[in-house]
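Biologist: I have the sequence and the model open side by side, and I would like a close look at a single part. Could you take me through one helix and the sheet beside it, beginning with a buried loop residue elsewhere as a warm-up?

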Amino acid sequence: MLRIGIDLGGTKIELMALDESGRMLLRRRRATPQGDYQGTVEAVAEMVEAVESEHAQRDSRVGVGIPGAESALDGRIKNANSTCLIGKTLRQDLEDRLQREIRLANDANCFTLSEAIDGAGHGAEVVFGVILGTGVGGGIVVHQRVLTGANRIAGEWGHNPLPRLEEENLMPPQCYCGRYGCIETWLSGPGICADHLRHGGQLLAAEEIAARASAGDPASDATLGRYERRLAKALAQVVNIIDPDVIVLGGGLSNIDRLYRTVPALWAMHVFSDMVHTRLLRNVHGDSSGVRGAAWLWNER
């Protein structure tokens, strides 16, 4: 029986098929029909059916990761930056189209599940996964099971306010969610770029800031220093609340090597403990983790 994972993003839909042992059999992508909800449902169904036809299978297990969550009230999608999904009964519509049960979860939860099962968090009881990219997301996996929570927002760490900045007096930026000073506004890719422009006077991509810092550029090094202090404070809140064994970083900013050295050294002063055993690790599966985790949703029960 195939496990099929779908990563339903705003610009692309990615599919990965795993065998029973978790070995990847194939991986495919296609563009997401922009702003077209029915077209998106049909695109997902067509991808699943094409893979099943090729492998002479029917009724494979399908898991879907989305940039949002299902409402506990009525199952409609909320908190999605792919706005055409908001208010839609996506799980039900996919189940009706494919005539089977579909498992659906937030994409950060899928990332975390993948890394907890056979990635950086393998063997850990509690794993907190972090996406540091265009946005900032989080997921919690306990004993290889996603924790969704009573309101289905467990792990939505990116929309907590960043603890007060001691080193500067700045107006908190407004987040797309309507709040001010969310962690996402400081720690996302656009957030670090805006911070560098504010202090260094140049608009640079996050990758360029990191490269220049490694080459000894003082302004870029200062930007990364501020980023590290903010990340350490924000992750210390997570450690104080759920005390995870492992925190796994994903997204483009997870490729900054120095974070894994500097952030644990900084977060100790904010963690309510005499020592911190939590490990900060880079993801193992890279940009495959989300779609793999969607397939692994069928490992949960």
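Modeller: Happy to. Let us begin with Arg258, which counts as buried because its relative accessibility is 18%, under the 20% cut-off. Do keep in mind that this is a predicted model. Arg258 sits in the loop that connects β11 (246–250) with α8 (259–267). Its side chain makes a polar contact of 2.8 Å with the side chain of Asp221. Apart from neighbours within four places in sequence, Arg258 is in contact with Ala213, Asp221, Leu224, Gly225 and Glu228.

Now to the helix and its sheet. Helix α2 covers residues 90–98, and its buried residues are Leu90, Leu94, Glu95 and Leu98. Viewed down the axis of α2, these buried residues fall within an arc of 130°, so they line one face of the helix. The general rule is helpful here: an α-helix has 3.6 residues a turn, so residues three or four places apart point the same way. What do the buried residues of α2 pack against? Their partners are β1 (3–8), α1 (37–54), β4 (61–66), β6 (77–78) and β7 (102–106). Just past the end of α2, Gln99 adopts a positive phi of about 60°.

Three of those partners also belong to the sheet. Five strands make up this open sheet, in the order β3-β2-β1-β4-β7, with mixed pairing. At its edges are β3 (24–31) and β7, each of which pairs on one side only. From one strand to the next, the twist averages 15°. Towards the β3 edge, strand β2 (residues 12–18) runs antiparallel to β3, and seven bridges join the two. Within that pair, Leu15 stands opposite Arg28 of β3.

How do helices lie on this sheet? α2 lies across β1, β4 and β7, and runs at about 150° to β7. Helix α9 (residues 289–296) lies across β1, β2 and β4, running at about 135° to β1. Strands β1 and β4 are thus crossed by α2 and by α9.

One last stop is the loop between β3 and α1, where you will find Asp36. Asp36 has a relative accessible area of 35%, so it is partly exposed. Asp36 is 47 residues from Thr83 in sequence, and the C-alpha atoms of the two are 10.0 Å apart in space.

How values were computed:
Residues are numbered from 1 along each chain as its sequence is written. This is a predicted model: local features need pLDDT of at least 70, side-chain atom pairs count only at pLDDT 80 or more; totals for chains, interfaces and linings use all residues. Side-chain values use heavy atoms; hydrogens and water are left out. Buried means under 20% relative accessible area, exposed over 50%, partly exposed in between (1.4 Å probe, protein chains only). Helices (H or I, at least four residues) and strands (E, at least two) are DSSP runs, numbered from the N terminus. The arc is that of the directions from the helix axis to the C-beta atoms. Contact means heavy atoms within 4.5 Å. Two strands pair if DSSP finds at least two bridges between them. Axes are lines fitted to C-alpha atoms, for helices over the stretch in contact, and angles run from 0 to 180 degrees between N-to-C directions. A polar contact is a pair of N or O atoms within 3.5 Å; within protein, one must be able to donate a hydrogen and the other to accept it, and residues adjacent in sequence count only if both atoms are side-chain atoms.
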